[in-house]
Amino acid sequence: MPISLPTSQRDRYPHSLPGAVPAAEGPLRRIGVFRALMLGDVLCAVPALRALRAAHPQAEISYIGLPWARELMQRLPMVDRFIDFPGFPGLPEGGVDHGGVTDFLHQMQRERFDLLLQMHGSGRIVNPLMAACGARRSAGFFEPGAFCPQPELYTRWPSEGHEVHRLLRLLDHLGVARQGDHLEFPLRPQDFSDLQAVWPGAASDEPYVCVHAGARLPSRRWPVQRFAEVADRMARQGFTVVLTGSAGEVALASELQAHMRQPSINLAGRTTLWTLGALVARARLLLCNDTGISHVAAALATPSVVVASGSEVSRWRPLGRGSHHVLWQAMECRPCHHVSCPTGHACALAIGAAEVSAACEGRLAATLDQPRAEPHLYS
């Protein structure tokens with residue numbers, strides 16, 4: 001269903017600035033979507049992008065995000081263009097290219113989007129930026145009492161629910177029909193060939209598990225020694241253990257490998273986003289922290305065990321096909337807003353290696369006699 005203009009609600013939002021982005025009738029030929037976040041956050045937006053594409057198949061949809069996401073968006077069939085976002089003061093993701101912000105605004109104003117969707121979050125920081133982009137219509141989320149660019153098209157930021165469903169509520173508000181809530185990760189046949197060049201063992205029929213001890217924030221990391229204990233147990237059960245991580249997590253993966261008593265394959269820093277996806281797609285299990293790779297596994301229907309330290313589990317748990325087990329400890333300080341825990345990291349230490357091992361064994365036993373389903377490949 002195409003986006004329509006709801007009845008004006010300006011009188012309900014006295015703190016908004018009426019007329020900041022004037023409404024305009026007419027078809028939506030050019031749509032921009034703003035969500036400048038990291039891997040897991042971006043994958044959680046795929047169901048909303050899919051619904052938007054289904055409602056407006058002829059529109060040109062441009063995704064505006066951090067530069068790392070360009071390759072991902074170039075593969076997703078629901079996105080036509082990618083526009084780099086240089087960062088903005090107050091946003092924690094990445095740095096800020098202050099000179100680039102001015103150039104970015106000039107580019108946005110030249111784009112003259114028929115509709116610009118703010119899917120970044122509550123909008124407290126970015127809604128003024130959206131208003132300055134000069135779109136004919138702007139829609140998104142807002143917090144009561146904060147600036148709202150176009151009240152009739154904005155909806156209150158949900159304070160509960162999974163991130164996927166929070167984003168879909170904006171599409172509900174705009175009259176766009178949902179197209180499911182499953183995630184997608186666009187792998188191609190070449191990704192599996194490239195993986196074999198990095199690790200020839202990927203071509204073997206021998207079962208393997210992936211262990212990912214990293215996370216962007218130290219407050220989200222389960223102790224590496226406990227990862228090693230669980231990894232050793234899976235290795236003794238006959239599974240090849242493959243350690244994964246970004247280029248910035250090479251030292252962490254090496255520390256994990258040093259703590260292990262059983263052999264392992266360390267691919268940290270050696271995979272691209274796509275060879276990592278191919279690796280996860282063929283794995284029997286992923287063991288990780290609550291971080292982006294858990295959403296890759298969900299998109300690829302790879303069973304996972306996730307240790308969630310500090311995060312808001314109901315919002316960020318893996319959502320999708322496959323069997324996923326999240327272990328976490330309720331704490332008054334959750335969700336955590338610290339880079340590193342200042343109080344002893346009790347939420348992480350409360351989850352023992354025996355508990356995680358049992359969860360891994362349960363997931364592996366349930367799928368051991370079943371061949372891994374081949375992932376859907378994109379052209």
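Helices H8 and H9 (DSSP runs of H or I, at least four residues, numbered from the N terminus) are oblique to each other, a class left for angles that are not under 35 degrees (roughly parallel), over 145 (roughly antiparallel) or 65 to 115 (roughly perpendicular). In this predicted model, local features need pLDDT of at least 70 and side-chain atom pairs count only at pLDDT 80 or more, whereas totals for chains, interfaces and linings use all residues. Residues are numbered from 1 along each chain as its sequence is written, and side-chain values use heavy atoms, without hydrogens and water.

The axes of H8 (residues 224-236) and H9 (residues 250-259) come within 8 Å and cross at roughly 55 degrees; axes are lines fitted to C-alpha atoms, for helices over the stretch in contact, and angles run from 0 to 180 degrees between N-to-C directions. Val224, Gln225, Phe227, Ala228 and Asp232 of H8 meet Leu252, Glu255, Leu256 and His259 of H9, contact being defined as heavy atoms within 4.5 Å.

An open sheet of 6 strands, paired in parallel, follows the order S3-S2-S1-S4-S5-S6. Strands are DSSP runs of E, at least two residues long, and two of them pair if DSSP finds at least two bridges between them. Strand S3 (81-84) and strand S6 (154-156) form the edges, each pairing on one side only. From one strand to the next, the twist averages 20 degrees. Strands S1 (residues 30-34) and S2 (residues 60-65) are joined in the parallel sense over 5 bridges, and Arg30 has Glu60 in S2 as its bridge partner. Helix H4 (residues 98-111) packs on the sheet and touches S1, S2 and S3, its direction making about 150 degrees with that of S3.
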